[in-house]
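Here are some notes for a colleague who is meeting this structure for the first time. They are best read with the sequence and the 3D view side by side.

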Amino acid sequence: MIFQAIDSELDNVLAWVEKTLEEAMASPKVVMPFLVAVEEIFVNVAHYAYRGKEGSVEIEFLVDDKAKITFIDEGIPFDPLAKPDPDVTASADERQIGGLGIYMVKKSMDGVEYHRVGDKNIFSFWKNL
Amino acid sequence: MTINVATEGEKSCVGVVGRLDTVTAPELEGKLKELFETAKELELDFSELEYISSAGLRVLLGAQKAMNKIGTMTVKNVNDAVMEVFEITGFKDILNIV
């Protein structure tokens with residue numbers, strides 16, 4: 001499915017993913033972290049990929065023995081996996097905000113993958129069901 | 001998302017109902033900023049919080065930092081899914097979870 005890469009589409013994206021997971025009888029232990037991961041990646045594309053201009057993101061979602069989702073955008077080259085992890089042991093005063101979203105995806109999902117193909121960013125993650 | 005606030009003197013209890021995500025987090029941020037003016041003790045009740053993403057964590061971090069200077073902030077009734085997020089991100093050690 002193709003969505004406009006804007007925050008106001010987030011609810012639609014999450015509703016679609018949640019419905020598909022529920023139809024596949026995914027356990028609640030999978031659903032919430034998966035939805036959070038979807039939000040983190042979708043919002044990253046919405047905020048950064050097109051540098052403030054309009055753009056869309058194609059989302060492929062396949063559920064079999066695992067739930068695997070792929071985000072394809074035509075924004076600036078961006079490899080989320082290249083970001084260093086935030087220091088999760090830092091105190092409140094020292095905590096930096098950046099990098100938290102992708103860190104949550106890496107920690108809670110069973111696999112993540114990024115490729116740049118032509119002018120497209122292709123980012124996937126999956127969780128075993 | 002719904003925010004319920006009960007204030008008694010310098011103590012405010014804030015119940016967050018529903019989801020704390022990119023779309024709803026700014027609303028909580030706005031409400032908490034109002035409370036920083038008056039509350040010395042801030043208690044967040046997450047018994048009806050179903051979901052939290054990094055946008056929500058950002059708001060909590062800002063609130064914890066602000067309240068560390070003013071008084072205290074505690075978080076209570078965190079469900080398993082939200083607690084897992086707090087553990088993965090180290091927020092379990094930043095927030096005062098009771």
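1. Which residues does B:Phe86 touch, not counting residues up to four places away in sequence? In this predicted model, B:Phe86 touches the aromatic residues B:Phe46 and B:Phe91, together with B:Ile52, B:Leu57, B:Leu60, B:Val78, B:Leu95 and B:Ile97, and also B:Lys92.

2. B:Phe86 is also among the residues with the most contacts inside the largest nonpolar core, which has 68 residues, and the others named with it are A:Phe34, A:Phe125, B:Leu32 and B:Ile52. The element that gives the most to this core is H2(A), with 13 residues. In soluble globular proteins, nonpolar side chains tend to be buried together.

3. Turning to the interface, 24 residues of chain A are in contact with 24 residues of chain B, and the area buried between the two chains is about 1900 Å², of which carbon and sulfur atoms give 65%. On the side of chain A, the three residues A:Met32, A:Ala92 and A:Ile97 supply 30% of the area that this chain buries against chain B, more than any other three residues.

4. As for polar interactions, the count of salt bridges between chain A and chain B is zero, whereas seven residue pairs are in polar contact, with both residues at pLDDT 80 or more.

5. Helix H1 (10–23), helix H2 (28–49) and helix H3 (100–108) of chain A each give two or more residues to the side that touches chain B, and the largest share, seven residues, comes from H2(A). By class, that side of chain A has 13 nonpolar, four polar and seven charged residues.

Key:
Residues are numbered from 1 along each chain as its sequence is written. Chains are lettered from A and ligands numbered from 1 in the order in which they are written. This is a predicted model: local features need pLDDT of at least 70, side-chain atom pairs count only at pLDDT 80 or more; totals for chains, interfaces and linings use all residues. Side-chain values use heavy atoms; hydrogens and water are left out. Contact means heavy atoms within 4.5 Å. Buried area is the accessible area (1.4 Å probe) that two parts lose on being put together, summed over both. A salt bridge is a side-chain nitrogen of Lys or Arg within 4 Å of a carboxyl oxygen of Asp or Glu. A polar contact is a pair of N or O atoms within 3.5 Å; within protein, one must be able to donate a hydrogen and the other to accept it, and residues adjacent in sequence count only if both atoms are side-chain atoms. Helices (H or I, at least four residues) and strands (E, at least two) are DSSP runs, numbered from the N terminus. Ala, Val, Leu, Ile, Met, Phe, Trp, Tyr, Cys and Pro count as nonpolar, Asp, Glu, Lys and Arg as charged, and the others, Gly among them, as polar. A nonpolar core is a set of buried Ala, Val, Leu, Ile, Met, Phe, Trp, Tyr and Cys residues joined through side-chain atoms within 4.5 Å. Buried means under 20% relative accessible area, exposed over 50%, partly exposed in between (1.4 Å probe, protein chains only).
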